[in-house]
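Please open the model in your viewer and keep the selection tool at hand. The stops below go from one group of side chains to the next, with a word at each on what to select.

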Amino acid sequence: MSELVPGGNLPLPGGGVTVRVPGPFDVSALVTDDSGKVRGDADFVFYNQPSAPGARLHGDTLTVDPPRLRSGATRVTVVVSPADPGTPLGRLPAPVLQVSGSGGRPVARFAPPRPRQETVLLLAELYRRGGGWKLRALGQGYADGLAGLARDFGVDVVEDATPSPVRRTPAPPPPSGSAAPTVASVPGAPPMPTARPTMHTLSAVTAPQHAPHAPLPDRDGFLGPANSARAAAGSPPVTLDARLASAAQAHASAMAAAGRLGVEGSDGVSVYQRITGAGYAYLTVGEHLVSGPRTPAEFIAYCLRTEQPRRTLHDPAFTHAALAYATGGRSGDTYWTALWARPLTPGDLPRTAAEVVDLTNRERARAGLHPLSVDPTLTTAAQAYSADMAARAFYSHTSPEGTQPWDRASAAGSRMRAIGENIACGQRSPGEVVEGWMNSPGHRANILKRDFTHIGIGFAGGGPAGTYWTQLFGG
């Protein structure tokens, strides 16, 4: 049986497999094609709709028979959420995925990092590769609830019997870097209802007006001037995104409440954590945090006056944007948050990793050294570590549990005798991160070490720094 880490994958045996997540969780599944969207409401398997062609849910166990999935299906995403909607995932035991083949033979186990503020966890995916099927461990948190996640996959969902809201008052903020909720019940208030809401799928989204994260109306007149400025620089237009808008509004409000600008709010949550917490996984991201302008037009004018803000506004990599503002502080200033991002698609991680490897090997070629070959076990360990640093908001070669690079390489299956690691955070592109490593003597020495023969690359967005990169070398 294989023990998987986030990003790890393995081939599945032929025939049906069972996926079990024991504990106080609801297990769900979404059947999609290469677009990542469902074809119809029947592709959403959950407690109110426990079966679909090739997939059946019984209690905490999902059975998937890939050959019997509906025509065109190439992926089954396994999701867990609290069985009691009044309980955050962070208060429950960490979910553990157990995968078995025909006859109950154990195939894999996956224990992701414990969720924090997330209400749903994308635990794993079964996906078709060539003529066979594989399993990939995900462990990706999602803050918009099961219904919100289903809508993101292209399903309209209606909820009834939703618990009534309970009046709440703010609790003391969590320690810096934490993304824990900051609410507590009012003393004497009735307890929150814990009955699970009944959800019904309606239909797959096919019309533009129903599309998940369809472009928002530009009520503030931000998009026109922004795209005009981008067009003048030869950059493609961006569209407004509801998830970015939610994160931008939360951060603008946090800055206004504190009366100061900052990537991290007084609640200890960074603007990047707000983006990923809203359900937007990004490949690249940019932000403007500004106080003073009174209108969106003045905000755009400010961005165009200064080099770095202008560069972000013009960046051709971005496809989505959002703008929000809030007034507060002793001065009554208006605090603005503009977010710019490009979503992370399934092919982006291998492409990004390949670019880092190519740039690294160019540096080695200049030094007369042999190129490094990509190693799957080093890649698995590197990707898992970048994802872990982003999810748990730390940055160190030593994990919170005390593991070192060679420990993580060995746990992923590497048998190489020499292991080295470079990490970085905050860089927005492969070129930027490799340049930074080459400008640092210690990192440069790893890149140009003659004894290394193999490499693995990891990348993740989120956390306090926004991006986390890992180079894991072996020889």
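Select Arg-20 to begin, in a model that is predicted, and colour it by accessibility if your viewer allows: Arg-20 is partly exposed, with a relative accessible area of 34%. Now add Asp-60, which forms a salt bridge with Arg-20, the closest N and O atoms lying 3.1 Å apart. This pair links distant parts of the chain, since Arg-20 belongs to strand β3 (residues 17-20) while Asp-60 sits in the loop between β7 (55-58) and β8 (61-64), 40 residues apart. Over the whole structure, a search finds 16 salt bridges, and the next stops show some others.

Go on to helix α6 (residues 307-314), where Arg-311 and Glu-307 lie 4 residues apart, about one turn of the helix. Their side chains meet in a salt bridge of 2.6 Å, N to O, and Arg-311 is partly exposed, at a relative accessible area of 47%.

Then select helix α8 (residues 376-392), in which Arg-392 and Asp-388 are separated by about one helical turn because they are 4 residues apart. A salt bridge joins the two side chains here (2.7 Å, N to O). Is Asp-388 buried or exposed? With a relative accessible area of 12%, Asp-388 is buried.

For a network, select Arg-75, Glu-125 and Arg-136 together, as salt bridges link these residues. Keep Arg-136 selected and add Tyr-127: the charged end of Arg-136 sits over the ring of Tyr-127, 4.1 Å from its centre. A similar view comes from selecting Arg-408 and Tyr-385, where the charged end of Arg-408 sits over the ring of Tyr-385, 3.5 Å from the ring centre.

Turn now to the aromatic side chains, for which a search of the whole structure finds 7 aromatic pairs. One of them is formed by Tyr-325 and Trp-336, a tilted pair with 4.7 Å from centre to centre and 40 degrees between the planes. Tyr-325 lies in strand β20 (residues 320-328) and Trp-336 in strand β21 (residues 333-343), so the pair ties together parts that are 11 residues apart in sequence. Adding Phe-299 to the selection shows one aromatic cluster, made of Phe-299, Tyr-325 and Trp-336. Within it, Tyr-325 counts as partly exposed at 35% relative accessibility, whereas Trp-336 is buried, with a relative accessible area of 0%.

Finish with Phe-452 and Phe-473, which form a stacked aromatic pair, 5.3 Å centre to centre and with 15 degrees between the planes.

Note on methods:
Residues numbered from 1 in each chain as written. Predicted model: local features only at pLDDT ≥ 70, side-chain atom pairs only at ≥ 80, totals over all residues. Heavy atoms only, no water. Salt bridge = Lys/Arg side-chain N within 4 Å of Asp/Glu carboxyl O. Helix = DSSP H or I, 4+ residues; strand = E, 2+ residues; numbered from the N terminus. Buried < 20%, exposed > 50% of the residue type's maximum accessible area, 1.4 Å probe, protein only. Phe/Tyr/Trp six-rings, centres within 6.5 Å; stacked < 30°, edge-to-face > 60°. Lys NZ or Arg CZ within 6 Å of the ring centre and 35° of its normal.
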